[in-house]
Every structure is written in C-alpha cells, then in structure tokens.
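Please open the model in your viewer and set the backbone to a ribbon, with side chains ready to be switched on. The tour moves from one selection to the next.

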Amino acid sequence: AFQALDPSHNGYLSIEALGPFLKNVAGADEEDQQSYFHELDEDGSGAVSQNEFLVFMDKKSEAEKREVCMMIQRMVHDKYGCTWKKGDVIGLACDLKSTPPAIWLSVNGNYDAPNGRVFDLSTNDARHGLFAGLTGAAGKFHYNLGEEKFKYPPSSGYQAFSKFDNVLDSSLFHSEPFEP
C-alpha cells in the first residue's frame, strides 16, 4: 500500500501524495487532510515515513486494512496501463535481487509494455512481509502460487511463492535480475 502512494519511491509521503488517499479513505477535505497528515507524521518531519504509515495501518482492523488496500488500488488503477479480460492469465514475478527490488506483471506470459516492471519495492519491504493478495469487485478467480504447473512460467531462476518457507532466506531468491 505504501509503495503505491510513494510516487518518488523515496520512502516518504508528502501531503500532496497523501491528500487523495486521505480524501478517499477518510472523506477528508483539505483542512482535515492537513490534520490527518500531522497526526500520521509522528516525528514532525513534514513527511510520513513508511514506518509511520505501518503504525497507522497496524491500528486498523483486518477489514479496514483490506478496504484501505482496495481504495489505493482504485486510486492507482490507471497508473500502469495494464489491462486484461476474462480468461487472461496474470503473472506476477517478485524480483528481490534487482536494485531496487521490483514487481513484474505479465498478461498471458507477455511482459512487454504496458506490462513489465510495474513498481519498485523498498529494500525493507520483505522484512515487513510479502504476501500474495487479490482484490476485485466481482467475478471468479483462480490463483496458482506454484502448487500447479504455471501456464506461463517466469524466466528461470524464480521460485514459486508456495516454495518459500522463509522469504528472508536469501538462498531462495534468484541470482540474477529479472529479464522477461
């Protein structure tokens, strides 16, 4: 969630980056956005760090966390331009060895634009935990975390999500940056 709101990927959120989020999540007008922002900015630095955002999220119930993530997804829906239709296979590859680490997206095995590297992760993201998540307004989904053979497998060197006993075990990470 934090990464989607951090357009500069510098690990901090400005009031400009958080404003639309606060408006969508809390229905905050401009004055309320300032108030919420100062509440989130616990150290008074003028920016909300990833840790401050995580403290905010930890205070939410699981249902509230899901709703926040769905709101963020709706906010950034058009940012990447990736589209798909019924029957398409969406592939995600998490590249923890690139600098910075990144998430790659394919549609039916195609990593070409507008697919490809859809966003970068901070180097601390894995320490806070990575999890597979799926949101949608309607429809049926089938997800495969590696329990079955992939219809469109990523390039060699990647492990299926289901094979990770411990994401901090660096021996499980692939050895080269992802190249579609």
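Select residues 102–107, which form strand 4 in this predicted model, and show the side chains: Ala102, Trp104 and Ser106 point one way from the strand, while Ile103, Leu105 and Val107 point the other way, and all are buried. Strand 4 is thus mostly covered, with six of its six residues buried.

Add residues 90–95, strand 3, which pairs with strand 4 in the antiparallel sense over six bridges; to follow one of the pairings, pick Leu92, whose bridge partner in strand 4 is Leu105. Six residues lie between strand 3 and strand 4, and the two strands form a hairpin.

Next add residues 116–120, strand 5, which pairs with strand 4, again in the antiparallel sense, over four bridges. Here Ala102 has Asp120 of strand 5 as its bridge partner.

Now turn to helix 4, residues 50–58, and colour Gln50, Glu52, Phe53, Phe56 and Met57, which are buried. These residues cover an arc of only 160 degrees around the axis, and therefore sit on the same side of helix 4.

Keep Phe56 selected and add Tyr36, Glu39, Leu40 and Lys60: of the 13 residues that line the second largest pocket, these five lie nearest its centre. The pocket has a volume of about 220 Å³, and helix 2 (15–26), helix 3 (30–40) and helix 4 each supply at least two residues of its lining. Which helix gives the largest share of that lining? It is helix 2, with four residues. Coloured by class, the lining shows eight nonpolar and five charged residues, and no polar ones.

Key:
Residues are numbered from 1 along each chain as its sequence is written. This is a predicted model: local features need pLDDT of at least 70, side-chain atom pairs count only at pLDDT 80 or more; totals for chains, interfaces and linings use all residues. Side-chain values use heavy atoms; hydrogens and water are left out. On a 1 Å grid over the protein atoms alone, a cavity is a set of points where a 1.4 Å probe fits but cannot get out, and a pocket is an open set with protein on both sides within 12 Å along at least five of seven lines; lining residues have an atom within 4 Å of a point. Grid points are joined across faces, edges and corners, and a volume is the space filled by probe spheres set on the points. Ala, Val, Leu, Ile, Met, Phe, Trp, Tyr, Cys and Pro count as nonpolar, Asp, Glu, Lys and Arg as charged, and the others, Gly among them, as polar. Buried means under 20% relative accessible area, exposed over 50%, partly exposed in between (1.4 Å probe, protein chains only). The arc is that of the directions from the helix axis to the C-beta atoms. Two strands pair if DSSP finds at least two bridges between them.
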